[in-house]
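Here are some notes for a colleague who has the model open at the bench. They take up one sheet, the aromatic pairs and the charges that sit over rings.

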Amino acid sequence: MAAPVALAHGAAALAPESGIIMTVRGPIRPRNLGLMLPHEHVLVDFIGAEKVSADRYDAADAYSVILPHLVRARKLGCRALAECTPSYLGKDPALLARLSKASRLHLLTNTGYYGAADNKFLPRHAWAESTEQLAARWIAEWREGIGATGIRPGFIKIGVGGEKLSGLHRKLVRAAALAHRETGLVIASHTGPAALAAEQLDILRTEGVGASAFIWVHAQAEQDAAKCLSIAEQGCWVSFDGFSPQDAERYTEVCKAFRDRNRLGQLLLSHDAGWYRPGEPNGGNFRGYDDLFRVLLPRLREAGVNDTDIHRVTVANPAAAFTVPGRNSARP
């Protein structure tokens with residue numbers, strides 16, 4: 001597992017050559033990642049787990065719609081992107097590999113299951129199988145690749161919801177913990193409020209997993225800044241990943257608050273943007289990945305956040321968060 005102390009006060013504590021980052025085109029060294037958007041999507045299908053299928057869209061059409069947005073992001077300075085669409089929501093590793101090659105961006109895909117949205121995107125076996133059986137599925141994707149593609153995941157993606165974790169969602173978190181212990185992959189959990197983040201961290205501790213193995217996804221849904229910092233003090237990654245231009249003031253204040261509390265080394269920033277939607281004309285309304293570069297980064301500089309701190313949040317932190325430790329990275 002990732003060491004909880006090593007990341008608690010900054011990504012620089014993790015040696016840059018201590019492992020690898022697994023992209024859809026194979027492993028790279030953390031130092032080669034570059035500026036990363038750690039929570040985005042290129043394709044999402046909301047039809048539900050029982051109906052989702054690659055037959056619902058033309059991969060060539062999806063490719064032609066998505067690629068210009070990735071190329072534009074690269075021109076703006078992006079070098080890597082974590083594609084967070086889970087299984088049973090339209091995850092397409094083969095499409096990602098094609099897009100990665102054409103755009104010259106490092107793209108990461110995931111393993112794991114998404115239990116948010118009233119479990120609409122969970123396969124039936126998620127209810128019936130044990131924690132260990134679910135974890136075994138995700139570990140197998142790390143060892144053997146996803147389906148017939150041979151493409152390995154770069155992180156574990158789960159999703160939880162509700163005011164408190166249900167028994168099913170607690171099982172997903174425990175399965176993610178077991179998979180992390182075996183693979184070293186970071187756990188990115190669609191979460192929202194601080195209370196659910198705290199509950200998951202408690203489960204991870206019980207399973208022997210350090211807080212630095214956990215990304216609190218959609219932390220921007222928590223409106224209490226003190227709670228955000230309180231969770232950060234436990235040592236996890238805190239992902240404010242829904243940026244739009246109207247959020248510039250809040251995100252700037254968040255960055256300054258994390259800096260002032262010596263927690264900037266745990267903050268991640270992204271858009272949660274995209275995405276091609278199967279079933280909609282021309283894939284629907286695709287929102288690009290521009291706003292962080294055109295709006296937020298200039299605003300941070302105007303507010304006195306220096307380039308070293310910006311590099312830390314956008315380059316060093318994602319590299320540390322998604323690094324698979326050396327003892328796991330060599331496994332087939």
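Is phenylalanine 155 buried or exposed? With a relative accessibility of 0%, phenylalanine 155 counts as buried; this value, like those below, is computed from a predicted model.

1. Phenylalanine 155 has an aromatic partner in phenylalanine 322, and the pair is edge-to-face, with 5.5 Å from centre to centre and 85° between the planes. Because phenylalanine 155 belongs to strand S7 (residues 155-159) while phenylalanine 322 sits in the loop between helix H10 (307-321) and S12, the pair ties together parts that are 167 residues apart in sequence. Phenylalanine 322, at 2% relative accessibility, also counts as buried.

2. Over the whole structure, the search finds 9 aromatic pairs. Another of them joins phenylalanine 46 and tryptophan 275, whose ring centres are 6.1 Å apart and whose planes meet at 55°, so this pair is classed as tilted. The two rings come from distant parts of the chain, 229 residues apart: phenylalanine 46 is in the loop between strand S3 (36-40) and helix H1 (59-76), and tryptophan 275 is in the loop between strand S11 (267-269) and helix H9 (291-302).

3. The two members of that tilted pair fall into separate accessibility classes, since phenylalanine 46 is partly exposed at 42% relative accessibility, whereas tryptophan 275 is buried, with a relative accessible area of 14%. Both residues belong to a cluster, linked by ring pairs, that also contains Tyr114 and Phe121.

4. Turning to the sheet, it is open and has 3 strands in the order S2-S1-S12, with antiparallel pairing. Strand S2 (26-28) and strand S12 (324-325) each have a single partner strand and stand at the edges, so one side of each is left without a neighbour in the sheet. Strand S1 (residues 19-23) runs antiparallel to S2, and 3 bridges join them.

5. Threonine 23, which lies in strand S1, deserves a look in the viewer. Its bridge partner in S2 is glycine 26, and the threonine 23 side chain also reaches the backbone oxygen of glycine 26 at 2.6 Å. Threonine 23 counts as buried because its relative accessibility is 4%, below the 20% cut-off. Leaving aside residues up to four places away in sequence, threonine 23 touches Ile28, His106, Leu107, Leu108 and Arg152.

6. Arginine 152, one of those contacts of threonine 23, lies over the face of tryptophan 142, at 4.0 Å from the ring centre. A further such arrangement places arginine 98 over the face of tyrosine 63, at 4.1 Å from the ring centre.

Terms used:
Residues are numbered from 1 along each chain as its sequence is written. This is a predicted model: local features need pLDDT of at least 70, side-chain atom pairs count only at pLDDT 80 or more; totals for chains, interfaces and linings use all residues. Side-chain values use heavy atoms; hydrogens and water are left out. Two strands pair if DSSP finds at least two bridges between them. Helices (H or I, at least four residues) and strands (E, at least two) are DSSP runs, numbered from the N terminus. Buried means under 20% relative accessible area, exposed over 50%, partly exposed in between (1.4 Å probe, protein chains only). A polar contact is a pair of N or O atoms within 3.5 Å; within protein, one must be able to donate a hydrogen and the other to accept it, and residues adjacent in sequence count only if both atoms are side-chain atoms. Contact means heavy atoms within 4.5 Å. Rings of Phe, Tyr and Trp (its six-membered ring) pair if their centres lie within 6.5 Å; planes under 30 degrees apart count as stacked, over 60 as edge-to-face and the rest as tilted. A charge sits over a ring if NZ of Lys or CZ of Arg is within 6 Å of the ring centre and within 35 degrees of the ring normal.
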